[in-house]
Amino acid sequence: MSENDPYSDPDAPTGRLLAEERPGDNAQAMSVSELSFALKRTVEDRFGHVRVRGEISGFKRAASGHIYFSLKDENARLDAVMWKGGAARLPFAPEDGLEVIATGKLTTYAGRSNYQIVVESLEVAGEGAMMLLFEKLKARLAAEGLFAPQKKVSIPALPRTIGVVTSPTGAVIRDILHRLADRFPSHVLVWPVLVQGEGAAAQIARAVNGFSALPVDGPVPRPDLVIVARGGGSIEDLWAFNEEIVVRAVAGCTIPVISAVGHETDTTLCDFSADVRAPTPTAAAEMAVPVRSELLQHVGQAALRMSGAVRRQMDRATERLEAQRRLMPKLSDLSAPHQQRTDELAERLRQSLRTRVGKAELAFSGPVRMLHPRVLVRRVDQGQQRLDALARLAGSLHPEAPLKRGFARVTDDQGKTILSRDAALQAGEVGLRFADGEVGATVHGAAASPKTAMPKPPRIAPNQGNLFDG
C-alpha cells in the first residue's frame with residue numbers, strides 16, 4: 001500500500017455499512033434543513049445590506065405582483081426578487097438589458113440550493129442606462145401608434161376653461177397664471193400633482209384621465225384645453241413624464257393637450273404623445289390664449305374690412321342695378337297695353353251686366369205682377385169661393401145626408417152597406433139605419449111582384465160616389 005493511501009492509516013475510518021457516532025468526533029451529522037438554515041443565517045448576517053450593479057436578464061412579473069429577474073455581468077449572475085410593495089413603487093418599468101443598481105440583502109433559497117438578493121430599491125445605473133431605457137420605451141410606444149401625427153388634434157383658438165396638471169407650489173403654476181392674466185384672463189382649473197419622485201407618474205396620469213372624464217354639463221366645468229407642465233431638471237427629475245402610464249394617459253385624453261415639461265432642450269415621451277409641445281410652461285400659456293388687446297385690434301380691423309367689403313358690394317350692386325334700370329323699358333310703356341286691355345274688359349263687363357239685369361227684369365216681371373195686392377186679393381177671394389163650394393158639396397155628399405130626407409141605410413151584421421136584393425136575401429137579418437136611429441129587420445125570400453118591386457136606385461153622377469158608402 002502507498003503511504004498516501006488513507007486506508008493505510010490505522011486511525012483512518014474503515015469502510016462501514018452502518019453509520020455510527022465516534023467519541024470525540026467534532027463533525028456531527030446535520031440535516032439538510034439545518035445546514036440550509038445555517039447558511040442562510042450566515043449569508044444574511046454577513047451581507048445584510050449590499051448594492052449590486054448589473055444588467056437585468058430574464059425579467060418577469062408574477063400574478064401576485066412580485067418581480068423576478070437576474071443581475072449579470074460578463075463573468076457572473078445573481079438571482080434577484082423584489083416583493084410586490086417595492087415593485088409597485090418603482091419609478092420606471094424594468095426590462096431585460098437595462099443596467100441597474102439594486103439595493104437589498106443577500107439570502108439563500110433552500111428549495112434550489114442557491115443564493116439570491118432580495119431587492120428593496122432599484123435604480124437605473126447612470127444617465128446612459130436611462131437614455132437606453134428611454135429609447136426602448138419610445139420605440140415600443142411609437143410602434144403602437146401613440147405618437148402618430150394623425151392622432152393629434154388642434155388646440156382651440158380661445159378656450160373658455162384651461163386645465164393645468166402640475167405642482168401647486170412650484171414656480172410653474174405661478175408663471176402660467178401670470179402669463180394667462182397678461183394675455184387673456186381665463187378660467188383655470190389646477191389639478192395638483194407630484195411632478196417627480198415616488199408616485200408622481202400615477203398622480204399625473206390620474207389627473208389627465210380625470211380631466212378627460214369630466215362631463216360636458218357637470219358641476220365642474222370641463223376644460224377645453226389641458227396643459228401638463230413642469231420646470232426643468234435632470235433626466236432623473238423628469239422621468240415621471242417618461243413613464244408609460246403617463247404617456248398613455250396623455251395620448252388617450254379626449255381634450256387637446258399641451259406638454260410643457262422642462263426647458264426647451266429637455267425632451268420627454270409626454271412631449272411626443274401630446275397634441276402640441278411647448279418649449280417652456282410660459283410658452284404653453286402663450287400658445288393657449290391670444291393676447292386680448294391684439295385680438296381686439298384684429299377683430300376691429302376685421303370689422304372695418306368687412307364693412308368696407310359690404311359697402312363695396314353694395315356700391316357695385318347699385319351700379320349694376322342702375323345699368324339694368326337704364327336698359328329696361330319705361331313702366332308706362334310696359335303697363336299701357338295692359339291698361340287698354342283692362343278698359344276693354346271693364347266695358348264688356350258693364351255691358352254684360354246690363355244685359356243680364358235686363359233679362360232678369362223680363363223674367364221676373366210676370367211673377368212680380370202676380371204679386372200685386374189687388375191680384376193677390378182677387379186670387380184669395382176666388383180661392384175662398386171654391387173652398388165654400390167644395391164645403392157645400394162635401395155636406396151634400398155626406399153619407400148621413402140622405403137619411404135626413406127619409407132614406408134608410410141597409411147594413412148586414414158587420415155594418416157593411418147592402419146594395420142589392422140578392423145581398424139582402426143572403427144576409428137574412430139586416431139593420432136599417434134612419435136619421436134618428438137603427439132598427440133590425442128580417443128579409444123574406446118571396447119574390448116581389450112587378451108592381452111592388454123595389455124602385456131602382458137613383459143614378460149616381462160621376463165623381464159623386466155612393467151616398468151610403470162610408
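Thr-268 is buried in this predicted model. Its relative accessible area is 0%. The cut-off for burial is under 20%, so a residue at 0% falls within the buried class. Thr-268 sits in a loop. That loop runs between strand 9 (257-261) and helix 7 (269-273). Beyond the neighbours within four places in sequence, Thr-268 is in contact with Phe-134, Leu-238, Phe-241, Asn-242 and Val-261. Among these partners are two phenylalanines, Phe-134 and Phe-241.

Ala-278 also occupies a loop, here between strand 10 (276-277) and helix 8 (281-288). Ala-278 counts as buried because its relative accessibility is 0%. With neighbours within four places in sequence set aside, Ala-278 is in contact with Ile-258, Ser-259, Ala-260, Ala-283, Ala-284 and Met-287. Ile-258 lies 20 residues from Ala-278 along the chain. The C-alpha atoms of Ala-278 and Ile-258 are nevertheless separated by 6.6 Å.

Arg-312 presents another setting. Arg-312 is part of helix 9, which spans residues 292-327. A relative accessible area of 46% makes Arg-312 partly exposed. The partly exposed class covers values between the 20% limit for buried residues and the 50% limit for exposed ones, so 46% belongs to it. Arg-312 joins Arg-311, Arg-316 and Arg-320 in a patch of positive charge. This patch is on the surface. Membership requires over 30% relative accessible area and no salt bridge. At 46%, Arg-312 is partly exposed.

How values were computed:
Residues numbered from 1 in each chain as written. Predicted model: local features only at pLDDT ≥ 70, side-chain atom pairs only at ≥ 80, totals over all residues. Heavy atoms only, no water. Patch = residues over 30% accessible without salt bridge, like charges linked within 9 Å, V, L, I, M, F, W, Y side chains within 5 Å. Areas by Shrake-Rupley, 256 points an atom, 1.4 Å probe, with all protein chains shown as cover. Salt bridge = Lys/Arg side-chain N within 4 Å of Asp/Glu carboxyl O. Lys, Arg positive; Asp, Glu negative; His and termini not counted. Charge placed at Lys NZ, Arg CZ, Asp CG, Glu CD. Helix = DSSP H or I, 4+ residues; strand = E, 2+ residues; numbered from the N terminus. Buried < 20%, exposed > 50% of the residue type's maximum accessible area, 1.4 Å probe, protein only. Contact = heavy atoms within 4.5 Å.
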